[in-house]
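This report walks through a two-chain complex. Keep the coordinates open while reading.

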Amino acid sequence: MNKWIKISLLFTLLFYSLAGMTQKQRFPKPEFGTGYHQPTPITPEPRALALEYTDVFVLLVVLSLASWLAVRKRSRKWMVWLSLFTLLYFGFYRDGCICSIGSIQNVALTIFDPGYAISVSTLLFFLLPLLFTLYFGRTFCAGACSLGAIQDLIIIKPLSLPEWLRKTLGLIPYLYLTIAVLFAATGTDFIICRYDPFVGIFRMDAAFHMIVLGIAFLLMGMFVARPYCRFLCPYGVLLSWMSKFSKWHLTISPAACIQCKLCSDSCPFDAIDLPTDEKQVKHRIWGVNRFLVYLLLIPIWVLSLGFAGSKAHTWISKANPKVYLAELLISKPEVHNDEKNLDVQAFLSSGKSMEILVNEATIIRHKFYIGCWLAGGFMGFVIGMSLLNQVIFRTKSDYEPDKSNCYSCARCISYCPVKK
Amino acid sequence: MKNKGIVFFLIILAIVIVTVVTYDYYSSKPDELPANPYALDADPFARIDTSLIMFNESRDLAINFSEPSGMCFQDGKIFVVGDQKMQIIEPSGKLIKEVPFDQKPTCVFVSQKNIFIGFRKSVSVLNSDGLKIADWNTFSDSTVITSIAEKSEMVFVADAGKRIVRKFTLQGKPMGEIAGKSGNDQIHGFIIPSPYFELAVNPDGELWIVNPGKHSLENYTLNGELRTWWKATSVRVEGFSGCCNPAYFAFLPDGCFVTSEKGTIRVKIYKPSGEFLGIVAAPSKFKENSHAPDLAVDNQGNIYVLDMDRKMVRLFVRKEKR
């Protein structure tokens with residue numbers, strides 16, 4: 001896409017973001033009998049069931065189209081139009097909700113909280129992209145994700161990040177996923193939705209600091225392509241697992257690669273694996289020794305980070321409003337009289353006793369203890385496997401998409417001179 | 001280093017992102033939350049145009065009550081009830097008589113001959129010396145008596161609990177009730193969300209009953225038929241707002257209404273037609289979140305305001321006409 005069109009698009013988005021900033025996040029004072037109108041809520045209103053299923057149908061169509069465009073049609077141009085539609089429909093029209101990324105939390109909550117039942121449409125939003133990825137790679141990221149679309153359309157001068165930085169930052173999505181599941185499972189918070197940087201832009205309304213967050217990500221996205229997708233998106237973790245085993249993933253060349261290297265710099269996401277360097281082959285024996293060491297280190301990573309997580313559970317559990325409130329009321333009894341503290345006043349007016357609150361907080365904290373053990377252990381496993389992957393030697397003879405990290409955006413295709 | 005400026009810019013952005021997320025996380029704790037942004041700020045409605053104030057406060061009489069509940073003015077004497085007693089006080093503040101009761105009275109009305117004391121579920125009739133003549137106990141369990149008035153040997157008792165006005169003879173014989181309903185679609189019946197249900201008879205002998213949930217004052221014949229009514233719903237000074245206002249009202253000798261409100265406490269004057277005239281006591285005269293004051297008027301049109309929080313009767317006199 002023409003550079004100037006991208007710049008215009010970026011400034012249009014920024015303009016709307018700033019327009020959102022000027023809107024107050026409080027409704028005007030009621031003027032009884034003087035034409036007062038109830039303002040529209042910031043969060044989307046509940047949707048009719050038929051419309052929810054319409055959204056699922058649209059997602060299914062968009063996923064099918066994106067997969068077809070990436071794998072069969074091999075068209076970057078049409079992929080851009082599709083992602084533009086996704087941005088308008090799932091982003092601006094649907095106010096960024098519901099999205100597959102946030103649905104992770106609904107799934108986690110429904111697994112761990114017997115009192116919560118996930119809706120069929122939410123479950124489909126969670127499952128459909130994973131299923132498509134298992135067959136066609138991350139075509140969801142390419143054309144069906146509004147968060148991906150808004151970032152993809154503003155890439156202006158993407159920088160290639162050094163591998164060590166990519167690998168290190170690449171651990172953040174795992175951590176984010178772990179915390180998001182932990183928080184959702186304990187009924188603490190839906191942090192993926194809360195810190196969605198673009199939802200304020202989609203809804204044209206958000207708290208000032210959330211608008212700042214969205215703008216910061218957009219500005220960053222001009223130079224670091226898709227920063228949220230690559231270094232934060234928790235759903236991307238699941239997609240990368242699926243994509244690794246995808247059956248019909250996009251290929252750069254439609255036939256045999258002629259190793260012309262034209263595509264080597266085409267990917268703004270550094271997601272093209274280069275052919276194996278002969279020099280690396282000579283160090284294979286040294287690599288085997290390191291492989292064994294790293295393999296043995298995995299259980300140590302799991303146990304040590306699991307233990308560290310369990311030790312941090314008291315602090316982490318303070319993120320839960322109930323735990324925090326119980327601690328606050330115990331440590332600062334004078335808060336009982338603070339009429340402006342809505343949480344305290346809501347608790348006092350509920351008629352619930354302090355003993356019940358403390359009991360509930362204790363149960364939640366115990367859940368955090370187990371959750372933090374598992375979360376720490378999982379992060380230890382991820383780190384251990386990441387280190388192990390550094391020394392696993394895979395011979396590649398062609399320029400190939402890195403299946404885990406490739407978004408199937410089809411940029412590289414147009415660089416390939418090979419035709420069918 | 002290539003792209004040094006861009007890298008520096010990216011580092012700044014990364015810092016901004018981390019700062020915003022950290023700020024949001026810590027600022028959303030119960031003890032860090034800002035004041036409720038959705039709370040209705042009623043302060044602007046408490047501020048009024050001082051040119052609308054028609055009365056000056058001329059005197060305050062401290063009263064020996066811990067919980068005063070009602071007041072009436074008759075024959076140059078102030079009758080105040082509360083706690084478990086009634087005090088008869090001269091306008092100078094001198095205590096004339098104190099009459100004890102065995103329960104807490106809710107309201108008082110004094111006619112030419114008798115003193116009617118309303119309790120929660122009964123009415124006591126005293127003679128002018130304060131001696132009990134009769135007890136009326138024909139009320140139901142859910143009765144809450146809030147106001148009494150008398151006209152043409154008919155006593156009207158406002159029952160906020162049953163949302164009706166009961167009629168009695170002077171001897172206490174029940175003579176029916178006024179339910180406030182009519183064929184007129186605009187009249188709903190009495191809406192009484194809280195025990196503020198006042199009635200009074202104006203100088204022309206007309207019975208007026210407040211319908212607080214409708215912010216209206218309704219005129220009924222002695223037979224209980226609706227004759228006329230007016231309402232003023234607004235948070236602005238010229239109207240009534242909230243669940244149940246006006247809380248109390250009385251009549252000036254010229255038939256104008258004196259009203260008092262709870263919530264944003266203020267005492268105001270309305271013409272007999274219901275048109276807003278001016279203010280007797282602005283909200284600044286009262287404690288915040290205090291009780292609505294009961295009202296009484298003497299023959300000269302001076303207004304007695306029973307301030308239940310400051311435990312005093314406050315006298316308001318009309319300003320000199322310029």
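Residues 22–36 of chain A have pLDDT under 50 throughout. For that stretch, the model has 20 contacts beyond four places in sequence. This is a predicted model, and chain A has a mean pLDDT of 87. In chain A, 90% of the residues reach 70 or more. Chain B has a mean pLDDT of 90, and 94% of its residues reach 70 or more. For the complex, the predictor gives an ipTM of 0.73 and a pTM of 0.66.

**The two chains**

The table sets out the content of each chain.

| Chain | Residues | Helices | Strands | Buried |
|---|---|---|---|---|
| A | 420 residues | 20 helices | 2 strands | 40% |
| B | 322 residues | 2 helices | 24 strands | 39% |

Sequence separation can be read for each chain in turn. In chain A, residues 24 or more positions apart account for 84% of the contacts with a separation of 6 or more. In chain B, 44% of the contacts between residues at least 6 apart in sequence join residues at least 24 apart.

Confidence varies among the elements of chain B. Helix α2(B), residues 43–46, has the lowest mean pLDDT, at 78. Strand β19(B), residues 257–260, has the highest, at 97.

**Nonpolar cores**

The largest nonpolar core holds 107 residues. Ala66(A), Ala70(A), Met79(A) and Ala180(A) touch the most other members. Helix α9(A), residues 172–185, gives the most to this core, with 10 residues. Another core, of 80 residues, lies apart from it. Among its members are Val157(B), Tyr248(B), Tyr270(B) and Phe316(B).

What does Ala180(A) touch, leaving out residues up to four places away in sequence? Its partners are Ile104(A), Gln105(A), Ile191(A), Ile192(A) and Pro234(A).

**Helix pair α2 and α3 of chain A**

Helix α2(A) covers residues 49–73, and helix α3(A) covers residues 76–93. They pack at an angle of about 165°, with their axes 10 Å apart. Angles over 145 degrees count as roughly antiparallel, and therefore α2(A) and α3(A) are roughly antiparallel to each other. The crossing of α2(A) past α3(A) is left-handed.

From α2(A), the contact uses Val58(A), Val62(A), Leu65(A), Ala66(A), Leu69(A), Ala70(A) and Lys73(A). From α3(A), Trp78(A), Met79(A), Leu82(A), Thr86(A) and Tyr89(A) take part. An α-helix has 3.6 residues a turn, so residues three or four places apart point the same way. Ala66(A), Ala70(A) and Met79(A), listed in this contact, also belong to the largest core.

**Helix pair α5 and α14 of chain A**

Helix α5(A), residues 120–136, meets helix α14(A), residues 234–244. Their axes come within 7 Å and cross at roughly 30°. Angles under 35 degrees count as roughly parallel, and therefore α5(A) and α14(A) are roughly parallel to each other. Their crossing is right-handed.

Pro129(A), Leu130(A), Thr133(A) and Leu134(A) make the contact from α5(A). Leu238(A), Leu239(A), Met242(A) and Ser243(A) make it from α14(A).

Which residues of α14(A) are buried? They are Pro234(A), Tyr235(A), Gly236(A), Leu239(A), Ser240(A), Met242(A) and Ser243(A). What covers them includes α4 (100–112), α5, α6 (139–144), α9, α10 (191–194) and α13 (227–231) of chain A. Pro234(A) is also one of the residues that Ala180(A) touches.

**Two contrasting positions**

Is Ala149(A) buried or exposed? Ala149(A) sits in helix α7(A), residues 146–152. A residue is buried if 20 or more other C-beta atoms lie within 10 Å of its own. Ala149(A) has 26 within 10 Å, so it is buried. Ala149(A) touches Ser83(A), Leu84(A), Thr86(A), Leu87(A) and Gly91(A), not counting residues up to four places away in sequence. Its C-alpha atom is 9.1 Å from that of Leu82(A), and the two residues are 67 residues apart along the chain. Leu82(A) and Thr86(A) are also listed in the contact of α3(A) with α2(A).

Ile392(A) lies in the loop between α20 (354–391) and β2 (400–401) of chain A. Ile392(A) counts as exposed because it has 11 C-beta neighbours inside 10 Å, and the cut-off for exposed is 12 or fewer. Ile392(A) and Gly287(A) are 105 residues apart in sequence. Their C-alpha atoms are 7.5 Å apart in space.

Definitions and conventions. Residues are numbered from 1 along each chain as its sequence is written. Chains are lettered from A and ligands numbered from 1 in the order in which they are written. This is a predicted model: local features need pLDDT of at least 70, side-chain atom pairs count only at pLDDT 80 or more; totals for chains, interfaces and linings use all residues. pLDDT is the predictor's confidence in each residue, from 0 to 100. Two residues are in contact if their C-beta atoms, placed from the backbone, lie within 7 Å. Helices (H or I, at least four residues) and strands (E, at least two) are DSSP runs, numbered from the N terminus. A nonpolar core is a set of buried Ala, Val, Leu, Ile, Met, Phe, Trp, Tyr and Cys residues joined through C-beta atoms within 7 Å. Axes are lines fitted to C-alpha atoms, for helices over the stretch in contact, and angles run from 0 to 180 degrees between N-to-C directions. Angles under 35 degrees count as roughly parallel, over 145 as roughly antiparallel, 65 to 115 as roughly perpendicular and the rest as oblique. A crossing is left-handed if the near helix is turned anticlockwise from the far one by less than a right angle, and right-handed if clockwise.
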